[in-house]
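User: I'd like to understand how the two domains of one chain meet. Could you walk me through the reasoning?

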Amino acid sequence: MENKQPLLEIRDLSVVYPSKRGEVRAIDSIFLNVEKGGRLGLVGESGCGKSTVLHAISRLISRPGKVTCGEILFKRKNLLKLSSREMRNVRGKEISMIFQDPQTTLNPVFHVGEQIRESLRLHNIIPGTHLPWPFDIARKRQEKERVLQAMREVGIPSPMDRYATYPHQFSGGMQQRALIALALVCEPSLLLADEPTTALDVTIQAQILNLMLKINQDHHTAIILVTHDLGVAAEFCDTITVMYAGRIVEQGPVDDVTMNPQHPYTQGLLACRPVISKIDQKVQPIPGNVPDVIDLPPGCAFAPRCPQVKPACLEGPIPIFQTGEKLFNRCLAQVSYERDPLWSWEHIVRQCDE
Amino acid sequence: MKAIKILERVLVSIPIMFGVAIIVFLFMRLTPGDPVDIMMGRGGAVSAGEIEKLRSEFNLDKPLHVQLWLFLTDAVKGDLGYSYVQKTPVTDLIRERLPATIELALTALLFALIISFPIGILSAVWQNSLLDRFSMAGAFMGISMPGFWMGIILILVFAVKLHWLPVQGRIDFDAQLAAGTGFFVLDSLLSGNRAALISSLKHLVLPGFTLGAGIAAILARVLRSSMLETLRSDYVVLARSKGSPEWNVVLKHALRNALIPTVTVIGLQVGVLLGGNMIIETVFSWPGLGRMVVAAIFQRDFPLVQGSVMVYAITFVLANLIVDILYTYLNPKIAL
Ligand SMILES: Nc1ncnc2c1ncn2[C@@H]1O[C@H](COP(=O)(O)OP(=O)(O)O)[C@@H](O)[C@H]1O
Ligand code: SF4
Ligand SMILES: [Mg+2]
């Protein structure tokens, strides 16, 4: 936004889940830049690795999955090099997450307000000397005050009454608001939102997105919004990254990507989104299915579904081309490309092991 | 509101108690063997007149429904009759024996919880580890091994061979413990009697462990599988994403949810605790209710069996009531 300092820089990030059928390369050589107060959209069909990117950033990849290579620079520190204690101080305080299904994300047996307060307590947000439990009444009261303030800010009506209620007494939209309050109560500088509106009604979706936009503007909290809906990302974000089968296929400022998409997959995503102003417009779904990341073709992963496929696309991996100042595109359709026959995806992975 | 619901539950258990009373009454009379014959011995040296006199004294000459009616009306007044064999009020006999049984049952429960919780939690946290495999194999053995057999093996090893622990009874004969509540551990604590405390604790170890082992095995398995489920849940990911240390994630966020199904199983195991104690008390010569009931059944001591079974039934209903209350406290989605 105003001050374009980098907050998060991801380089060459790859994550692998070992499985019985072989290694699932959930994400491959991902690179991202998020500026302070920026809004990045991560778009792609289900299974393309969007959540894995977010989990890698907060180092919450579930076992036996692991980051095989790359760097995640957050405020110039490589998160992958932090001790687990240092990483815990980052989680929730500097980098927070909100999730797809608010109904299962809140812990059903604790009061909503107390769950938000736990974040404050974990990170010692209230300053001063502290007496241990059960003599921490003064501290508790201050924390509760902060929680109520956060609940008010995310638009939970009568937070005083709602503080000591259980999650199942909230509607889905209210639960998601509570989770946003929980994520923001320690004032993090980065919010990772994993399809935060997918499980909600359409009208609630817009409210939640507006709330996130307001928080982004009021607090300068940078946001990475994961969504399968390019339209949502187009409305919300300033930068868009389109992923396919664990790899970035197109990245750039929102206007370039949505007005003038270069990758056939992005073009397909735009074409299959109905535009309300054009009633008689035909919605064209992308033909074919999402590929199985365990068994990708040697060439372009999108080739089986691509209307512009040409022989060079099938021969080997497609490098990513920089087509503008901040514009990237992984496609051979518009370029002539001399292939090094020894260059393969395995080659790239081996390189990052070194 | 909650108090009303609890009262409702108590009221519902009253007809259950009547049902139990009637069933026990009928079963005792359906089993072959006449109490007066058994009392007199098989010698037949007693005259027919004396036998008739005994029969009418015990109301055994009256029709079955009259006997049942007399039993029920007396029981409501708190009078469970006289033991045929010991010629003492059944309530006195039960009052004398009950503390021993409760002490043993609580010890067993304590053993079961102390063993099962660490094992169940750690096996889930380190799923498929050596500890997990080893303890689940142990749990399988614990479930399949009959209590009396385990009791005898433990006696042979720890009492007979190693002399670490006593073979039987509640306390050493020479322990000078003044009469009190009947709970020996409590009594020796209250009177500051160290020797008696150590002796009574030592006597509790083997029977308590034997009775608790099977329950520990079941609880460990239930806890492990519920922990595996809660550890995979979204709220655990949320807890981690807040910056929660792992022990807090496991012991607060995951365990608190895993307790909900576990408590239900604990409630079901109260029955095992009560039923198992008859066998364990016999194996360890534990002077409790269970051993008394077993003896009373063989002697066809109808009033004593009926009275004791009623006490078992009340205990069972009470324990389940406590578990139900605990369950609603643990699970906010359920109102009692
Ligand atoms: N815990 C896991 N174990 C094995 N494979 C996984 C795991 N989580 C995700 N994957 C695989 O990684 C790929 C990317 O998943 P994910 O990041 O959840 O995609 P998205 O969020 O875009 O739907 C999928 O193919 C999925 O099968
Ligand atoms: S590289 Fe070839 S197959 Fe892949 S998207 Fe571009 S044109 Fe289509
Ligand atoms: Mg996802």
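User: How much area is buried between domain 1 of chain B and domain 2 of chain B, and what share comes from carbon and sulfur atoms?

Analyst: Happy to help, and please keep in mind that this is a predicted model. The area buried between domain 1 and domain 2 of chain B is about 1,200 Å², with carbon and sulfur atoms giving 80%. On the side of domain 1, Met17(B), Val24(B) and Met28(B) supply 43% of what that domain buries against domain 2, more than any other three residues.

User: What makes these two parts of chain B separate domains?

Analyst: The division puts 14-76 in domain 1 and 90-330 in domain 2. Those bounds come from an automatic or database domain assignment. The centres of the two domains, taken over C-alpha atoms, are 35 Å apart. How many residues does each side bring to the contact? Domain 1 brings 14 residues and domain 2 brings 11.

User: How do you know how many salt bridges cross the interface of the two domains of chain B?

Analyst: A salt bridge needs a side-chain nitrogen of Lys or Arg within 4 Å of a carboxyl oxygen of Asp or Glu. Across this interface of chain B the rule finds 0. For polar contact, the rule finds 1 residue pair, both at pLDDT 80 or more.

User: Which element gives the most to the side of domain 1 that touches domain 2 in chain B?

Analyst: That is α1(B), with 7 residues.

User: What classes of residue make up that side of domain 1 of chain B?

Analyst: The side touching domain 2 has 11 nonpolar, 2 polar and 1 charged residues.

Definitions and conventions
Residues are numbered from 1 along each chain as its sequence is written. Chains are lettered from A and ligands numbered from 1 in the order in which they are written. This is a predicted model: local features need pLDDT of at least 70, side-chain atom pairs count only at pLDDT 80 or more; totals for chains, interfaces and linings use all residues. Side-chain values use heavy atoms; hydrogens and water are left out. Contact means heavy atoms within 4.5 Å. Buried area is the accessible area (1.4 Å probe) that two parts lose on being put together, summed over both. A polar contact is a pair of N or O atoms within 3.5 Å; within protein, one must be able to donate a hydrogen and the other to accept it, and residues adjacent in sequence count only if both atoms are side-chain atoms. Helices (H or I, at least four residues) and strands (E, at least two) are DSSP runs, numbered from the N terminus. Ala, Val, Leu, Ile, Met, Phe, Trp, Tyr, Cys and Pro count as nonpolar, Asp, Glu, Lys and Arg as charged, and the others, Gly among them, as polar.
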